[in-house]
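Let's take a stroll through this fold, helices and sheets alike, and end up at the ligand. Keep the viewer open as you read.

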Amino acid sequence: MEEIWQQLEQHQQQLANIHLRELFAGNPQRFEQFSLQICDLLFDYSKNRLNKDTIDLLCKFLEKRDFKTWQDQMFNGEEINHTEQRAALHIALRNRSNQPILVDSKDVMPEINTVLNKISNFVEKVHSGEWKGFTGQPIEFIVNIGIGGSDLGPKMVTEALENYHHPRLQAFFISNLDALQLHRVLKKINPETTLFVIASKTFSTQETMTNAQSARRWLIEKLGDEQAVSKHFVAVSTSTEQVKTFGIDPANMFEFWDWVGGRYSLWSAIGLSIALMIGMKNFEELLTGAHEMDQHFRNAPLKENMPVLLGLIGFWYNNFFGTTSQAILPYDCALEHLPAYLQQLEMESNGKRVSRNGETLNYRTCPVIWGTLGNNGQHAFYQLLHQGTQLIPSDFIVSAESQFEKYGQQNALLSNALAQTQALMQGRNLEETRQGLKDLTEMQVPHRVFLGNQPSNTIAYKRLTPKILGSLLALYEHKVFVQSICWNINPFDQWGVELGKQMAAALLPALENSQTTFNYDASTNGLLTYLKAQRT
Ligand code: F6P
């Protein structure tokens with residue numbers, strides 16, 4: 001084992017029995033020393049089980065993993081996604097400096113700008129009413145059909161920025177193969193005023209293509225003419241051929257490139273639904289926020305680098321404290337879908353068991369990412385965070401102001417956010433419990449004890465704007481990259497999704513035909529028999 005890894009293990013042993021309370025008591029400057037303000041975000045990492053030596057060692061570890069070289073390779077458009085032989089250049093999509101970025105010796109900025117202009121013109125036409133549906137009506141409903149990165153990012157951002165929505169437009173998102181989801185949307189929209197955005201990098205994903213075909217049939221049934229499709233369907237994809245095959249005119253296609261990974265694609269034309277809903281100016285603000293975080297990530301020293309610190313702290317718990325999950329707890333209703341978005345971003349990127357070279361790893365990689373709106377979580381699963389048996393690091397994401405502060409609820413929300421991080425950190429020991437709750441019997445006391453020492457980060461901001469959201473999302477993207485370097489894995493492929501897709505394709509005929517006996521494993525045979533019987 002590398003020497004630096006051993007040093008980190010030894011250092012963990014020194015810290016293992018020190019309570020966070022002691023760390024705070026011993027250092028009145030702890031907040032100043034372990035917090036950072038960048039891109040209108042405050043990152044308080046003082047409530048973590050670490051000290052200055054921890055940060056020094058973790059940064060040394062990252063340097064030993066050639067972090068700077070990998071970072072340069074990513075920013076320079078090199079083929080760092082080696083298993084798919086491509087670059088990972090989401091940073092180019094929001095490169096507001098417009099400095100050339102070369103892929104295979106070709107500057108990608110001109111084509112990025114061309115697509116951004118095309119999006120901008122289209123958004124303008126939809127907003128002004130110049131783009132009309134088949135019967136001459138302006139668009140009122142935007143229905144994004146996509147899945148994974150072609151759904152989670154656009155949906156999360158669109159819903160987070162509801163305050164910025166165009167007043168005439170409403171957005172819906174369809175991702176699931178269960179036709180119920182499609183049905184729920186179709187009954188709320190008017191075919192004459194609906195624009196379907198079919199978002200798929202490959203334009204071959206089963207869920208998206210199936211929903212898109214059904215939506216197409218619905219539209220033709222309702223408007224009575226196949227010609228209507230061109231006024232109500234646009235495509236976002238890397239594949240012109242597949243778009244044509246589906247029956248969408250490439251003139252109504254918004255292009256992106258294979259060097260944009262699905263879960264990193266909301267900054268590309270995949271963000272078309274976002275741009276339609278919040279307008280181009282605000283979409284560009286989102287890009288600007290991300291670009292500013294990119295610049296910070298690229299240039300700030302490791303110890304003052306927000307994504308680096310966020311990534312290293314996660315690595316510290318995952319690999320030295322044996323934690324297996326990470327909670328994401330927004331105290332901002334606008335970010336309701338952030339945990340689901342981060343699940344794909346983190347787990348599809350770093351849920352890997354072999355190194356870049358294909359060697360089996362003998363350490364843990366990505367933890368399970370989970371969470372929900374913090375205030376709701378308090379009345380559901382926080383019990384386990386406070387008194388369960390596991391150490392679970394949490395990210396509290398806190399907005400100082402509410403997007404809708406009419407009846408003065410925000411102080412109560414903020415007091416809860418602060419109290420939770422404080423309670424997780426401090427706990428209430430046996431003595432305090434006995435003293436504070438005098439009427440308790442001895443039997444009741446242990447049930448009221450909180451050990452505390454549960455770590456958390458707090459990321460806070462004034463109020464969510466497109467720019468701040470852009471910075472926040474880029475922060476997490478780069479955190480994922482930092483951790484991939486710690487674990488020596490390729491975060492930009494996702495081969496783990498393939499086997500299930502192939503098996504689903506192989507099983508489909510058994511569901512479609514009249515076969516009643518099957519030749520799979522006993523469980524699959526039994527389940528097929530049961531499910532088919534229920535349907536007849
Ligand atoms: O199956 C996983 C995945 O490939 C994700 O990585 C991706 O975001 C999603 O499917 C959707 O893919 P596409 O945009 O090609 O439809």
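A word on angles before we start: axes are lines fitted to C-alpha atoms, for helices over the stretch in contact, and angles run from 0 to 180 degrees between N-to-C directions. Helices (H or I, at least four residues) and strands (E, at least two) are DSSP runs, numbered from the N terminus. What you're looking at is a predicted model, where local features need pLDDT of at least 70 and side-chain atom pairs count only at pLDDT 80 or more, while totals for chains, interfaces and linings use all residues. Residues are numbered from 1 along each chain as its sequence is written, and side-chain values use heavy atoms, with hydrogens and water left out.

Start with helix H1 (residues 3–16), which packs against helix H15 (residues 306–320) at an angle of about 85°, the axes being 11 Å apart. That makes H1 roughly perpendicular to H15, where angles under 35 degrees count as roughly parallel, over 145 as roughly antiparallel, 65 to 115 as roughly perpendicular and the rest as oblique. From H1, the contact (heavy atoms within 4.5 Å) draws on Trp5, Leu8, Glu9, His11, Gln12 and Leu15. From H15 come Phe315, Trp316, Asn319 and Phe320.

H15 also meets helix H4 (residues 52–64): their axes come within 10 Å and cross at roughly 100°. H4 and H15 are therefore roughly perpendicular to each other. Here Thr54, Ile55, Leu58, Cys59, Phe61 and Leu62 of H4 face Val308, Leu309, Leu312, Phe315 and Trp316 of H15. Phe315 and Trp316 of H15 thus turn up in the contact with H1 and in the one with H4.

Now for the sheets. One is an open sheet of six strands with mixed pairing, in the order E1-E2-E13-E12-E10-E11; two strands pair if DSSP finds at least two bridges between them. Strand E1 (35–38) and strand E11 (368–371) are at the edges with a single partner strand each, so one side of each is left without a neighbour in the sheet. From one strand to the next, the twist averages 15°.

Walk in from the E1 edge. E1 and strand E2 (residues 41–44) run antiparallel and are joined by four bridges. Leu36 has Phe43 in E2 as its bridge partner, and Ile38 has Leu41. The hairpin of E1 and E2 has two residues between the strands, and Cys39 there takes a positive phi near 50°. E2 then pairs with strand E13 (residues 456–461), again in the antiparallel sense, over three bridges, with Ala460 in E13 as the bridge partner of Leu42.

Further along, strand E10 (residues 325–331) and strand E12 (residues 394–399) pair in the parallel sense over five bridges, and Leu329 stands opposite Phe396 in E12. Helix H16 (residues 338–350) packs on this sheet, touching E10, E11 and E12, and its direction makes about 175° with that of E11.

There's also an open sheet of five strands, with parallel pairing and the order E6-E5-E7-E8-E9. Its edges are strand E6 (170–174) and strand E9 (253–255), each with a single partner strand, so one side of each is left without a neighbour in the sheet. On average, direction ignored, neighbouring strands are turned by 20° against each other. Strand E7 (residues 194–199) and strand E8 (residues 233–237) are parallel partners over four bridges, with Ala199 opposite Val236 in E8.

Two helices lie across these strands. Helix H9 (residues 179–186) crosses strand E5 (141–145), E6 and E7, running at about 165° to E6. Helix H10 (residues 206–223) lies across E5, E6, E7 and E8, at about 160° to E7.

Which residues come nearest to the ligand? Of the 14 around it (a heavy atom within 4 Å), they are Ser150, Ser200, Lys201, Thr202 and Thr205. As for polar contacts (pairs of N or O atoms within 3.5 Å), a backbone N or O atom of Gly149 lies 2.8 Å from a ligand oxygen atom. A polar backbone atom of Lys201 is 2.7 Å from an oxygen atom of the ligand, and a polar side-chain atom of Lys501 lies 2.9 Å from a ligand oxygen atom. Taken alone the ligand exposes 390 Å² (Shrake-Rupley method, 1.4 Å probe), and the protein buries 88% of that.

Note on methods: Polar contact = N/O pair within 3.5 Å; in protein donor to acceptor, adjacent residues only side chain to side chain.
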